[in-house]
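Trainee: I have a new model open. Could you take me through its fold, strand by strand and helix by helix?

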Amino acid sequence: GSSRGPPPAPWHEPSHMGGMPGVIPPPPPPEPSVMKQKTKLFVGNLPSDIQEEAINIVFSHYGTVTNIYVMTGKAKSGQACAFVEYSAPIEAETAVLTLHEKYEIRPGDGPILVKYAQPGSTRAKPY
């Protein structure tokens with residue numbers, strides 16, 4: 001008699017790894033033309049009744065402000081935010097470094113947030 005060993009264990013197929021949810025390809029690197037547009041700043045944590053004039057007074061200390069766009073009542077917290085455009089990137093950079101989380105437009109409201117506006121995130125209409 002030839003004694004047989006135990007039967008081989010059934011071979012399990014590996015579970016399919018394709019189509020995993022939540023995997024997003026990395027975004028393409030920004031184009032050089034976009035990188036030059038470093039003159040537009042996003043300003044957050046502003047008082048809900050902020051006026052363009054008040055923003056202009058603060059930001060014109062650091063360069064030539066060419067455009068101010070205030071958005072009020074958008075945030076759930078009631079805070080307003082704004083976009084400030086400078087004529088030169090170095091001016092915008094100075095404002096970010098000087099004001100971001102350091103300057104309070106209205107003492108007690110907390111410091112404002114100043115960062116570069118994301119290209120294409122502003123859905124500003126032409127009219």
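Trainee: Which residue in β3 does Leu-46 stand opposite?
Mentor: This is a predicted model, where local features need pLDDT of at least 70, side-chain atom pairs count only at pLDDT 80 or more, and totals for chains, interfaces and linings use all residues. Residues are numbered from 1 along each chain as its sequence is written, and side-chain values use heavy atoms, with hydrogens and water left out. β1 and β3 pair in the antiparallel sense over 5 bridges; two strands pair if DSSP finds at least two bridges between them. Opposite Leu-46 in β3 stands Ala-80.

Trainee: What is the strand order of the sheet?
Mentor: Helices (H or I, at least four residues) and strands (E, at least two) are DSSP runs, numbered from the N terminus. The edge strands are β2 (65-71) and β4 (113-116), each pairing on one side only. The sheet is open, has 4 strands and pairs antiparallel, in the order β2-β3-β1-β4.

Trainee: How many bridges join β2 to β3?
Mentor: Val-70 stands opposite Ala-82 in β3. The two strands, β2 and β3, run antiparallel, and their bridges number 6.

Trainee: Which residue in β4 is the bridge partner of Phe-42?
Mentor: β1 and β4 pair in the antiparallel sense, over 4 bridges. In β4, the partner of Phe-42 is Lys-115.

Trainee: How many of the 7 residues of β3 are buried?
Mentor: Buried means under 20% relative accessible area, exposed over 50%, partly exposed in between (1.4 Å probe, protein chains only). β3 is largely enclosed by the rest of the structure, because its buried residues number 6 of 7.

Trainee: At what angle to β4 does α3 run?
Mentor: Axes are lines fitted to C-alpha atoms, for helices over the stretch in contact, and angles run from 0 to 180 degrees between N-to-C directions. Contact means heavy atoms within 4.5 Å. Helix α3 (residues 89-99) lies across β1, β3 and β4, and its angle to β4 is about 145 degrees.

Trainee: Why do the buried residues of α3 lie on the same side?
Mentor: These residues are Glu-91, Ala-92, Ala-95, Val-96 and Leu-99. They are on the same side of α3 because their arc around the axis, taken from the directions from the helix axis to the C-beta atoms, is only 140 degrees.

Trainee: Which exposed residues does the face of α3 turned away from its buried side carry?
Mentor: The buried residues of α3 pack against β1, α2, β3 and β4. The face turned away carries Ile-90 and Leu-97.

Trainee: Is Thr-39 buried or exposed?
Mentor: Thr-39 is found in the loop between α1 (32-36) and β1 (40-46). Not counting residues up to four places away in sequence, Thr-39 touches Val-84, Glu-85, Tyr-86, Ser-87, Ala-88, Pro-89 and Ala-92. Its relative accessibility is 12%, so Thr-39 counts as buried.
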